[in-house]
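Student: I have a model open and would like to learn how to read its nonpolar cores and aromatic pairs. Could you take me through them?

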Amino acid sequence: MKLASNCCTLLPAPLLVTLALLMISTGSAFAQTEETGAVELELINEYDLGFDQSDLGNVAQAAGIEYAAGNRSLAQAKKIRRRIAETDDPGKRAKLEAQLDETYASAVQSFTDAIGYAPKMAEAFAGLGEAYRDWGQLEKSLEIHAAAVRRFPDDLENFEGWALTLLDSNMLGNAVNSYTQYVATNPDRATILMEAMKDWLRQRQEDPGELDPADVQRLADWIQQQG
């Protein structure tokens, strides 16, 4: 699968975030930051949209429409991915990959618009992070999920998205350190992170990709030690 390398639709001013900690591993996947590995961001503003009270019903409806459109685009992207995997025709593959980029861009725009209308719509943040992750733009996905986790600390959907993106980024040291913290402070997050690590491990044991197989085995040994 070819991952998009071109820059996708940028987030508008109401959705600006600043990345306080995001270090992608170099060398060993366990050579992460010296910090706990949790990605933290600070939301720059409070989405001052300037709507009157009488507009709130229309705003909520518009947010719902954009959120639904984003989910439709994600579903369409999954279908296109399957078609790409099934074709051996280079020309057809190139067209499908271009279509896939357009579909992900559409999903990003829809979820971004939904957040613009409804800044407290945690599920729209989750959809936006998923769209970036599936598109291969992992840093952006981490940004969005981490911002949402910070803004909605009880929302587990965005935390799961953050965990999945962290592992897709091969940030194993960060995942291990985060789990060690959460197992004592937030059992729900610890459980989600452990399940994500186990799923990641099953996939990488079959195909480590560019990872050092020793790193995959180290994580397997560590998970076994956790009982």
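Student: Which residues have the most contacts inside the largest nonpolar core?

Tutor: The general idea comes first: in soluble globular proteins, nonpolar side chains tend to be buried together. In this predicted model, the largest nonpolar core has 28 residues. Leu193, Met197, Trp200, Leu219 and Trp222 are those with the most contacts inside it.

Student: Which helices each supply at least two residues of this core?

Tutor: Helix 4 (138-151), helix 5 (156-168), helix 6 (172-185), helix 7 (187-206) and helix 8 (213-225) do. Helix 7 gives the most, with 8 residues.

Student: What does Leu193 touch, not counting residues up to four places away in sequence?

Tutor: With those set aside, Leu193 touches Phe159, Ala163, Ala175, Ser178, Tyr179 and Tyr182. Another core, of 26 residues, lies apart from the largest one; Ala77, Ile80, Ala122 and Leu128 are among its members.

Student: Now the rings. How many aromatic pairs does the structure hold?

Tutor: There are 6 aromatic pairs. Ring pairs also join Phe159, Trp162 and Tyr182 into a cluster, and two of these names are familiar: Phe159 and Tyr182 are both touched by Leu193.

Student: And Ile144: is this residue buried or exposed?

Tutor: Buried means under 20% relative accessible area. Ile144 has a relative accessible area of 2%, so Ile144 is buried. You will find Ile144 in helix 4. Its C-alpha atom is separated by 8.9 Å from that of Tyr132, 12 residues apart along the chain.

Note on methods
Residues numbered from 1 in each chain as written. Predicted model: local features only at pLDDT ≥ 70, side-chain atom pairs only at ≥ 80, totals over all residues. Heavy atoms only, no water. Phe/Tyr/Trp six-rings, centres within 6.5 Å; stacked < 30°, edge-to-face > 60°. Core = buried A, V, L, I, M, F, W, Y, C linked by side-chain atoms within 4.5 Å. Buried < 20%, exposed > 50% of the residue type's maximum accessible area, 1.4 Å probe, protein only. Helix = DSSP H or I, 4+ residues; strand = E, 2+ residues; numbered from the N terminus. Contact = heavy atoms within 4.5 Å.
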